[in-house]
Amino acid sequence: MSDLEKLVRRRMQEEYAKGASAEEIAKVVRDLFNSIDLSGNRFDAVAVRATRDHE
């Protein structure tokens with residue numbers, strides 16, 4: 001499993017644990033993917049920064 005997959009799963013589990021609805025979880029995941037720059041080699045690092053900014 002890639003770092004990106006682990007990150008997405010962790011964020012989904014965190015939101016679920018908070019009692020978020022499916023729509024809210026989908027929005028968090030969508031925001032996460034929208035903040036990732038897939039054009040470079042380091043998209044995992046960008047994803048980590050994106051989740052820290054989201055919190």
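Which residue forms a salt bridge with Glu14, and how far apart are the closest N and O atoms? That was my opening query, and Arg10 came back, with the closest N and O atoms 3.3 Å apart. I counted a salt bridge when a side-chain nitrogen of Lys or Arg lies within 4 Å of a carboxyl oxygen of Asp or Glu.

**Ground rules**

I am working on a predicted model, where local features need pLDDT of at least 70, side-chain atom pairs count only at pLDDT 80 or more, and totals for chains, interfaces and linings use all residues. Residues are numbered from 1 along each chain as its sequence is written, and side-chain values use heavy atoms, with hydrogens and water left out.

**Overall layout**

I looked up the secondary structure next and found 3 helices and 0 strands. Here helices (H or I, at least four residues) and strands (E, at least two) are DSSP runs, numbered from the N terminus. Along the sequence the pattern reads α-α-α. I also checked burial: of the 55 residues in the protein, 27% are buried. My classes are buried for under 20% relative accessible area, exposed for over 50%, and partly exposed in between, with a 1.4 Å probe and protein chains only.

**Salt bridges**

The structure holds 5 salt bridges. As a reminder to myself, side chains of opposite charge can pair when their charged atoms come close.

I went back to Glu14 and Arg10: both sit in helix 1 (residues 3-17), 4 residues apart, about one turn of the helix. Glu14 is partly exposed at 27% relative accessible area, and Arg10 is partly exposed too, at 40%.

Glu14 also meets Arg11 in a salt bridge, at 2.9 Å from N to O. Those two are 3 residues apart in helix 1, again about one helical turn. Is Arg11 buried or exposed? I found Arg11 buried, at 3% relative accessibility.

In helix 2 (residues 22-34) I noted Lys27 and Asp31, whose side chains form a salt bridge at 2.8 Å, N to O. They are 4 residues apart, so about one helical turn separates them. Lys27 is partly exposed at 44%, and Asp31 is partly exposed at 28%. Tracing shared partners, I then got one network of salt bridges that joins Arg10, Arg11, Glu14, Glu15 and Lys18.

**Helix 1 in detail**

I checked the length: at 1.5 Å a residue, the 15 residues of helix 1 should span 21 Å, and the end C-alpha atoms are 21 Å apart, which agrees. The expected span is 1.5 Å times one less than the number of residues.

Which residues of helix 1 are buried? My list reads Leu4, Leu7, Val8, Arg11 and Glu15. Seen down the axis, they fall within an arc of 95 degrees, so they line one face of the helix. The arc is taken from the directions from the helix axis to the C-beta atoms. On the other side, Arg9, Gln13, Tyr16 and Ala17 are exposed. After helix 1 comes Gly19, with a positive phi near 90 degrees.

**Helix 1 against helix 2**

The two helices pack at an angle of about 150 degrees, their axes 9 Å apart. That makes helix 1 roughly antiparallel to helix 2, a label I use for angles over 145 degrees. Axes are lines fitted to C-alpha atoms over the stretch in contact, and angles run from 0 to 180 degrees between N-to-C directions.

Key:
Parallel < 35°, antiparallel > 145°, perpendicular 65-115°, else oblique.
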